[in-house]
Amino acid sequence: MKSTLAFLFLLFLTPAALHAESGYNTWLRYAPLDNAASAKYREAVPSILAVFGTQAPVQSARQELTDGVRGMLGRNLRQESRLTGDSAIVLGTLDDLRKLAPQLSLAADLVPDAYWLKTVQRDGGTFTVITAQNDRGVLYGSFALLRKIAIGDPIINLDEKQTPGAAIRWVNHWDNIDGTIERGYGGPSIFWENGRLRESLDRVRDYGRMLASIGINGVSINNVNANTRFLEPELISQVRRVADTLRPWGVKVALSIDFSSPRSLGGLSTFDPLDPGVVAWWKSKVDEIYRAVPDLGGFVLKADSEGRLGPSAYKRTHADAANVIARALKPHGGFIFYRGFVYDNKMDWRNLKNDRARAADDNFRALEGSFDDNVVIQIKHGPIDFQVREPASPLFGTLQKTKSAIELQITQEYMGQARHLVFLVPMWKEALDFDMRVRDRRTPVKSLVSAFVGVSNVGMSESWFGNHMSQANLYGFGRLAWSPDLTSRQIVDEWTRLTFGNDPAAVETITGIQLTSWRTYENYTGPLGLQTLTDIVGNHYGVAVEASERNGWGQWHRADEQGVGMNRTAASGTGFIGQFSPGVARIYESLETCPDDLLLFMHHVPYTHVLHSGKSVIQHIYDSHYEGAETVAGYVRQWKALRGRVDDRRYDEVYAQLEYQAGQSIVWRDAVSNWFRQTSGIPDAQGRVGRHPGRIEAEAMSLSGYVARAVTPWEAASGQTAVECETATCTATLRYAGEPGWRDVIVQYFDVNNGVSRFRLWVGSQLMSEWIADDRVPTRRVDSSSSARRVIPGVALRPGDEIRIEGIPNGGETAALDYVEIAEAEN
Ligand code: GCW
């Protein structure tokens, strides 16, 4: 008995971080603090929580503080609705506190949502006041106080006013009514299922809490490729349930709409925005929605883009389209977010003057000043489409009289789809801090936008994103929208402490990996402004260097035998650079001053062109790919050192994810390097490209049942070829010819999503490893997206050993193999 108690006691003392965690609680875990920290805060946190006001967000704040203090400090706050003279945490809007707790003499000038944390000493009591101009701000202040406790910031003698960087801080969801999510990587929709709202909205409630904790005050809940059904009465009543669920968290609901609705849903013969019947239809539809959801945030509209209908059908302008809806929303205080993502996806690629990057500015420049004041032009941060590196969109600088929002993509569409760890805040900061030089004065993008919108796409997966580390992107988006001046390091440091605890080694490693991850991903995907060299006409995931060429989508990089890059100069190219103010255009226009990172976005140059770094373009392409893959291998090693410092479950899951990424980074490295090596004809000065000591191509092994097949695109497989099993069981065998010693045996195989093949690896008669290919990668094809890696560490090999892989296909999957690599054992 005694020993059981001692054991339980020990268990209780173990830092919470070591218990298995699913990731569901994200940065809101309120895990017990270690002894030193909790002693400090137990002293500073009074025993009373005095709450003034019954508004739902204030009540959410009360509950949050109660839960947070209980979780982190093991103390149950006493709840009061008045001041007793004893020290207390005091919660309420400024108006309520002035009326109901006048003895605190609070006075401040606060904008909506801003909060004030203020320590007041009165009559021997210490009052930690959390107040704001509105109830939502009180909630934000409460989260801020809890955050301070969790990360070890002082909470005594507070006098901190925090004002949001923009009044509108929204996320957009690309969720479809059937429960799928366009570009969602964290499972099905938390909102929709089989054509209607989910029965249980528990997740939605918990999501509202997450959003509130980072200051997000609006969410659009359906895909911008909008289904008109969302404006039907039946759906409107479901939207009302979502709004009721999110309201206590101060989060407004918004809807994406289809511009042709007056015709497709309303039965009118037209959706011409200037037609009086259409004007009346929008007005009455909007009135109907606001009767159900009086605080609806408004609408998001994707028109005349990627096949969506828009005002061009009637030769009307985007302003005509936006304003007709804006006027219907105006009496209700709603906004229309009109997307600037308008371009022609059937452009003639042969015309060297055509340029998708120009589209946003070309479409909206002439309309500057003709939008109503509740229209916000929602502009993707770069001129193309969330690529790994783009300049800031020139449209931010063009629109002065029109409100604009910056659209950032939290979901990692072109950024590894939550299978690769990529922390996006450093990239977003480059866009936000970019100086547009409007009227030749310092004008960072963040000073030009009045709203922040993040494409969020969390789903039903336990960790919301399908990857623990990707949570940092939503966290970072919210924190940046609130305080665009925070540094990436500050943001990721906060996030790491909240999510994984304050262990210094864990904090250092995780922040280090996160902060370098964008550059790393860029290095092994598309450096120098090439954009993500992925399959742009398919899943946007694996590598396919030429996928962006010779089609109308306009993501061209124009690599050929002589050179690479898009000539976007004003002098001889597409003129895109001329859309920037002269101060910016001058920098990009000249090869002398154009930064290396964007060189190939702005210029077409020969492969031998020498960068500012002193390297040639081609050598940089090779080097960065090798460096990128090396860095990911390093992440795996660094992560291994955290065993025991991070709870086992998340440790294992992140480890598996990084291992996978390490394998994929090699697939990318080899594919891009080989493609450029073949196209340019210029060898790698370091002799690595095309030379893989220890690699044995599957097609060169002795095959039984396996058949060699060419892979498309050719760079997606080592040696351009894979072997596929066309009978019930196949084998591929090789004889080890190297030195005796400990080796890691790496099997590169293909794991498509329509079958679960089995593999076994034997050395002689000894079964060394057995695995199944059951991943759900976004492809049924044997290509770079399905390329996967099995590492069998620490195998004692002798010359002459026979290594045999047995593959058993299943469903549409052919147990395909790419190569085996035998390397010095790493451990
Ligand atoms: O990035 C592209 C995506 C589309 C998306 C579109 C958009 C919702 O590939 O899936 O459609 O952008 O932003 O509208």
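pLDDT is the predictor's confidence in each residue, from 0 to 100. Keep that in mind here, since this is a predicted model.

**Exercise 1.** Work out how far to trust the chain, and where confidence drops.

*Solution.* Start with the average: the protein chain comes out at a pLDDT of 96. Next, check the spread: 98% of the residues score at least 70. Then look for the weak stretch: over residues 1-17, pLDDT stays under 50. For that stretch the model has ten contacts beyond four places in sequence.

**Exercise 2.** Describe what surrounds the ligand, and say how much of the ligand the protein buries.

*Solution.* Begin with the shell: 14 residues sit around the ligand, and Glu-182, Lys-302, Arg-339, Lys-380 and Glu-413 come nearest. Sort the shell by type and you get eight charged, three polar and three nonpolar residues. Now go through some polar pairs, using a cut-off of 3.5 Å between N or O atoms. Lys-380 puts a polar side-chain atom 2.6 Å from a ligand oxygen. For Asp-385, a side-chain N or O atom is 2.7 Å from an oxygen of the ligand. With Arg-183, the corresponding distance is 2.9 Å. Finish with area: the ligand alone exposes 340 Å², and the protein buries 97% of that.

**Exercise 3.** Find the nonpolar cores and pick apart one residue's contacts.

*Solution.* The largest core has 188 residues; Phe-191, Tyr-207 and Trp-639 are among those touching the most other members. Take Phe-191: beyond its neighbours within four places in sequence, its contacts include Leu-197, Val-204, Tyr-207 and Ile-221. Charged partners turn up too, including Asp-175 and Arg-196. A second, separate core holds 27 residues, including Ala-732 and Val-747.

How values were computed:
Residues are numbered from 1 along each chain as its sequence is written. This is a predicted model: local features need pLDDT of at least 70, side-chain atom pairs count only at pLDDT 80 or more; totals for chains, interfaces and linings use all residues. Side-chain values use heavy atoms; hydrogens and water are left out. A residue is near a molecule or strand if one of its heavy atoms lies within 4 Å of it. A polar contact is a pair of N or O atoms within 3.5 Å; within protein, one must be able to donate a hydrogen and the other to accept it, and residues adjacent in sequence count only if both atoms are side-chain atoms. Accessible areas come from the Shrake-Rupley method with a 1.4 Å probe; for residues, only the protein chains shown count as cover. Contact means heavy atoms within 4.5 Å. A nonpolar core is a set of buried Ala, Val, Leu, Ile, Met, Phe, Trp, Tyr and Cys residues joined through side-chain atoms within 4.5 Å. Buried means under 20% relative accessible area, exposed over 50%, partly exposed in between (1.4 Å probe, protein chains only).
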